[in-house]
Structures are given as structure tokens and as C-alpha cells.
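Me: I would like to go through a protein model step by step, with the reasoning set out before each result. Could we take the overall layout, then the helix packing, and then individual residues?

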Amino acid sequence: MEQIAELRELVNSRDVPAVVATRARIVLWSGEGRRRKDVAELAGVS
């Protein structure tokens, strides 16, 4: 749970590069059980 909180902080921080926030979002969405295809679409990556 602590790691999830840290990832959420990264996502919401204005002090981290956008690429770091995107990667944190990808990890969180993957952890929710979303399919890789859906995660990629949400993140705007391939």
C-alpha cells in the first residue's frame, strides 16, 4: 500500500517530469488489473 501511495504522489506532483508521471500511471493501471492494450490506450503510448 505504501508503494501505491508513492506512485499516486508521483502522478499528482508538478515537480516530476511528465514521463515519470506517465510511467507511474501505467503501473497503477496495471495493478488495477487492466489489460495492457487498455493501459496503453489510456496512457497514449504503444
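The questions and answers below follow that order.

Me: What pattern does the protein chain follow when it is read along the sequence?
Reply: This is a predicted model, and the answer rests on its secondary structure. The protein chain has three helices and zero strands. Read along the sequence, the pattern is therefore written with helix symbols and nothing else, given that helices and strands are taken as DSSP runs. The pattern is α-α-α.

Me: What percentage of the residues in the protein chain is buried?
Reply: The C-alpha trace of the protein chain spans about 30 × 25 × 10 Å along its principal axes. A residue counts as buried when its relative accessible area is under 20%. Of the 46 residues in the protein chain, the buried ones make up 17%.

Me: Are H1 and H2 parallel, antiparallel, perpendicular or oblique to each other?
Reply: The axes of helix H1, residues 2-12, and of H2 come within 8 Å and cross at roughly 140°. An angle has to be over 145 degrees to count as roughly antiparallel, and 65 to 115 degrees to count as roughly perpendicular. Because the crossing angle falls in neither range, nor under the 35 degrees set for roughly parallel, the relation of H1 to H2 is oblique.

Me: How many nonpolar, polar and charged residues does the contact of H1 with H2 have?
Reply: H1 passes H2 in a left-handed crossing. On the H1 side the contact is made by Ile4, Leu7, Arg8, Leu10 and Val11, and on the H2 side by Val20, Ala21, Ala24, Arg25, Val27 and Leu28. Sorted by class, these residues of H1 and H2 come to nine nonpolar, no polar and two charged.

Me: Are H2 and H3 parallel or antiparallel to each other?
Reply: H2 packs with helix H3, residues 36-43, at an angle of about 150°, and their axes are 10 Å apart. Angles over 145 degrees count as roughly antiparallel. The two helices, H2 and H3, are therefore roughly antiparallel.

Me: How many nonpolar, polar and charged residues does the contact of H2 with H3 have?
Reply: H2 passes H3 in a right-handed crossing. Thr22, Ile26, Trp29 and Ser30 in H2 meet Val39, Leu42 and Ala43 in H3. By class, the contact of H2 with H3 has five nonpolar, two polar and no charged residues.

Me: Is Val27 buried, partly exposed or exposed?
Reply: Val27 is found in helix H2, and this residue is among those that make the contact of H1 with H2. Its C-alpha atom is 9.1 Å from that of Ile4, although Val27 and Ile4 are 23 residues apart in sequence. The relative accessible area of Val27 is 45%, and since partly exposed lies between 20% and 50%, Val27 is partly exposed.

Me: How far apart are the closest N and O atoms in the salt bridge of Asp38 with Arg35?
Reply: The structure holds two salt bridges. In one of them the side chains of Glu32 and Arg34 meet, with 2.8 Å from N to O, and Arg34 is partly exposed at a relative accessible area of 40%. In the salt bridge of Asp38 with Arg35, Asp38 is partly exposed at 28%, whereas Arg35 counts as exposed at 53%. The closest N and O atoms of Asp38 and Arg35 are apart by 3.1 Å.

Me: What separates the C-alpha atoms of Gln3 and Asp38 in space?
Reply: Gln3 lies in helix H1 and counts as exposed at 64% relative accessibility. Along the chain, Gln3 and Asp38 are 35 residues apart, and the separation of their C-alpha atoms is 22 Å.

Me: What separates the C-alpha atoms of Gly31 and Ala18?
Reply: Gly31 lies in helix H2, which covers residues 18-31, and with 68% relative accessibility Gly31 counts as exposed. Gly31 and Ala18 are 13 residues apart along the chain, and their C-alpha atoms are separated by 20 Å.

Me: How far apart in space are Glu41 and Ser30, C-alpha to C-alpha?
Reply: Glu41 has its place in helix H3 and is exposed, with a relative accessible area of 64%. In sequence, Glu41 and Ser30 are 11 residues apart, and in space their C-alpha distance is 12 Å.

Terms used. Residues are numbered from 1 along each chain as its sequence is written. This is a predicted model: local features need pLDDT of at least 70, side-chain atom pairs count only at pLDDT 80 or more; totals for chains, interfaces and linings use all residues. Side-chain values use heavy atoms; hydrogens and water are left out. A salt bridge is a side-chain nitrogen of Lys or Arg within 4 Å of a carboxyl oxygen of Asp or Glu. Buried means under 20% relative accessible area, exposed over 50%, partly exposed in between (1.4 Å probe, protein chains only). Helices (H or I, at least four residues) and strands (E, at least two) are DSSP runs, numbered from the N terminus. Axes are lines fitted to C-alpha atoms, for helices over the stretch in contact, and angles run from 0 to 180 degrees between N-to-C directions. A crossing is left-handed if the near helix is turned anticlockwise from the far one by less than a right angle, and right-handed if clockwise. Contact means heavy atoms within 4.5 Å. Ala, Val, Leu, Ile, Met, Phe, Trp, Tyr, Cys and Pro count as nonpolar, Asp, Glu, Lys and Arg as charged, and the others, Gly among them, as polar.
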